[in-house]
Amino acid sequence: MIGKLFDVPRRLLAGPAALLTLMAVIMLSAMADSTMQPLPAAAPSAQFSAERALAHLKEFAAEPRPIGSPASARARDYLAGQLRAAGLQVEIQRSVGGRSAAGLATFGQVDNIVGRLRGTGSTGTVLIAAHYDSAAMGPGASDDGAAVAAMIETVRALRTGPGSRNDIVLLMSDGEEDGVLGAEAFIRDHPLGKAGGVLLNWEARGVSGPSLMFETTADNARLVETFVNAVPAPRGHSAMVDLYRLLPNNTDFTPLTKAGYAGMNFAYIQRSSLYHTAGDSIANLNRGSLQHHGTNMLALTRALGDADLRTLTSDQDATYFRALGTMITYPAGLVWPLALLAVVAVAGLALLARLRRLLSVPRLIAAAVSAVVPLALSVALAQGLWELLVAWRPAYDLMGGLLHRPRPYQAAIAALCALAVLGWYLMLRRRLGPAALAVGALTWLAGLGVLCAQFAPGASFLFALPALLGALGCLAAALLRGPAWARWAAAMLGPITAAMLLPSLAGDVFDGMGLALGGVSALILALFGLIVVPLAELFLPDPAIRPKRAVVLPVSLTALVLATALVATGLVVDDFDADQPQRTHLAYVMDADTRTAHWVSADTDPAQWTRQYVSGHDTSALPGGYARGTLRTGPAPVIAADGPRAAVLAQSEGTLKLHVTAGKGARSVMLRLDQPITHATASAGRFGSASVPVTGTRTGTWPSEIRFRGIPAQGAQITLRMAKADRIRLTVIGETDGLTAVPGFVPRPPDLVAATREDGGLVAVTRSYTLTSDS
């Protein structure tokens, strides 16, 4: 009982036509998901112009502006001035933000910029949010300067028309990079933060790509409807929404929506190797991405500004995705019916094949169970390739898989997935039969459609629709008595549907997660392979005829040779240079008590420039609690710096109250303790205070850490709760951006940038204290 589901004559034409069709669909899908053409400064005043927004970006995003830095203050003053000039009511909210993680409490003095346009008959508030601070390692032209510049241009365009019905509030938050501190302070201390409304948040995890709507609040059906109808070039799909909800990542969107806002979150994510580095610059910003961000922002602000916000509530999520440039949406009520229809269609196909004696039930079960092999093998090969790449080029490890020119490696993963799927199919084809393997593959897609319907409904379409159309197409091809081209077209329904959905999803995962998690993209590509691989029958002889020579070996060797060639190509084209620099971690640490200093690097294989500063792994001379993880060290000259101070204000059973200063010129202070803490409060006088509970402990260092970013010159009061201890060891670290103050420091060459580890590129001056119960 071995046979094909259907046969197509003239296979010499049908086979290449099938491959060319799939390639064309994949390419058209990629082209349809592109960004927009930027508009010049001469564009009509009612439209968004990337060139006009860029003029603002150049005024405040040419240098790093981390929280509490002079550059941050300059950016704040410029942005607030632009909003005032546009006629908004502007307030600088000065407060202390707080956030906790395992063993860590982070605080910061934030200066949020809050601008307001009052509506003519408001039904609620439309809150447009983006953060104007950047990571300390780069100017943050994309993250998140582009969105902030887009806000100014959006307001300008809005003011050319009649006033909005609803209140429009612009929140340019501070301290997002250090733990969404500004957004946390906004919802805690500002009246508008407690008012609720509809939120549009804007982010970036790269310097290029379309503006994707990747996150929403729950029950998003009306929001999605507004998005699809209002935006001229909507991008994104509901699978992103459900998958992102499962991840621990957060942006300002997280605390704002927890405070009651319903909303949508947008970002572009391509060329993510430059994320949080000096490469996130105006020169590298894709102008089309800025245009797409701004066009979406303006369109949605107009639509929501004039809508009755009270009618935007819903009791369900919507499924939405693009197919060859057309946005398709349907309500949550169709998710389960479509998933179950896919199961029924696959079962019907299996029944037809069984009645025609093309498969047996045991062979079908064996085919479905064995399909786990190519899926698991694809994941293993992709992750194994990453391990090999890191072993060959250790500098990749610092990049977290987000490489500058990853396309050859991604193509190699695709070739390895093809090897796994084709190898599985060819090895079992004569034993189990083409029909059993084809139906067994569709069983996996249908099963995943049901699984997602239960746990991630917005992603169910990725698997249920290819399974449903694939099964229906095979049924039609098997039952049709018409011309051969009609049977061919019917059989292509499933593969074409999968080609519209799965390769682009794999590309998004590659862009967002990188090669370090390449197994996720490989799994998606392998699933695509499962539904496409039965088309191999258009190139193969009848399974009942024993071929004169083995097919598996040459196909496998071809895929391996191709993958090897692609990896070799990647190693050549992805070499580091001034345009695509290597990352390196280096910090200066001086113990103010002993007046000794060291260079410190966390690089596993330091670049030649870094090696001139670090030569060994001896961390014994570093201040207690400073070391985190495996470090390289080297001697460094002592600088003239007084360093941080900590004075005990009160100490009782379970509570420690300190007054902490960072030292002259230092932007931040960090405290590390050798005892776990359960609660932390930071007070900065007239700027207010913040309190956070703390659970768990830090790994690779002392169990507790407290950070205060942008600490006032007069210091801050830190109150900690912990279990009673007879002795507490405390190390206080004052941090200053940049290393140029160290004598003999030679700036990095153009092909190196600071790594994204938060203690890199800093002068850290420390003091150590031992506190006893009778201190």
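This briefing walks through a few strands, a sheet, some unusual backbone spots and a helix pair.

Keep in mind that the model is predicted. A good place to start is strand β4, residues 167-173, where seven of seven residues are buried. From there we go to an open sheet of five strands, then to a cis peptide bond between Asp143 and Asp144, and finally to helices α17 and α18, whose axes come within 7 Å.

**Strand β4 and its neighbours**

- β4 is covered on both faces: Asp167, Val169, Leu171 and Ser173 are buried on one side, and Ile168, Leu170 and Met172 are buried on the other.
- Strand β2 (residues 104-117) runs antiparallel to β4, and five bridges hold the two together.
- If you want a spot to look at in that pairing, try Ile113, which sits opposite Met172 of β4.
- Strand β3 (residues 125-131) runs parallel to β4, with seven bridges between them.
- Here Thr125 is the residue to find, as it stands opposite Asp167 in β4.
- Put β3 and β4 together with helix α4 (residues 141-158) and you get a β-α-β unit, a right-handed one.
- As background, strands in a sheet pair through backbone hydrogen bonds, and they can do so in a parallel or an antiparallel way.

**The five-stranded sheet**

- Reading across this open sheet, the strand order is β14-β15-β20-β17-β18, and the pairing is antiparallel.
- Its edges are β14 (645-652) and β18 (689-693), each of which pairs on one side only.
- On average, neighbouring strands here are turned by 15° against each other, leaving direction aside.
- Zooming in on one pair, β14 and strand β15 (residues 655-661) are antiparallel and joined by seven bridges.
- Within that pair, Gln651 has Leu656 of β15 as its bridge partner.

**Backbone oddities**

- For context, most residues other than glycine have a negative phi, and most peptide bonds are trans.
- The peptide bond leading from Asp143 to Asp144 is cis, with an omega near 10°.
- Asp144 belongs to helix α4, the helix of the right-handed β-α-β unit with β3 and β4.
- Asp219 isn't a glycine, yet its phi is positive, near 55°.
- You'll find Asp219 in the loop between β6 (212-216) and α7 (221-230).
- Is Asp219 buried or partly exposed? Asp219 counts as partly exposed because its relative accessible area is 35%, which falls between the 20% and 50% cut-offs.
- His276 is another non-glycine residue with a positive phi, this one about 60°.
- The loop that holds His276 links β7 (262-268) and α10 (287-306).
- His276 has a relative accessible area of 18%, so it is buried, the cut-off being under 20%.

**Helices α17 and α18**

- Two packed helices are described by the angle between their axes and by the distance between those axes.
- For α17 (residues 461-479) and α18 (residues 484-491), the axes come within 7 Å and cross at roughly 160°.
- How do α17 and α18 run, roughly parallel or roughly antiparallel? They are roughly antiparallel, because angles over 145 degrees count that way.
- The crossing of α17 past α18 is left-handed.
- On the α17 side, the contact is made by Gly473, Cys474, Ala476 and Ala477.
- On the α18 side, Arg487, Ala490 and Ala491 make the contact.

Notes
Residues numbered from 1 in each chain as written. Predicted model: local features only at pLDDT ≥ 70, side-chain atom pairs only at ≥ 80, totals over all residues. Heavy atoms only, no water. Buried < 20%, exposed > 50% of the residue type's maximum accessible area, 1.4 Å probe, protein only. Helix = DSSP H or I, 4+ residues; strand = E, 2+ residues; numbered from the N terminus. Pairing = 2+ DSSP bridges. Right-handed = clockwise from strand over helix to strand, strands pointing away. Axes fitted to C-alpha atoms, helices over the stretch in contact; angles between N-to-C directions. Parallel < 35°, antiparallel > 145°, perpendicular 65-115°, else oblique. Left-handed = near helix turned anticlockwise from the far one by under 90°. Contact = heavy atoms within 4.5 Å.
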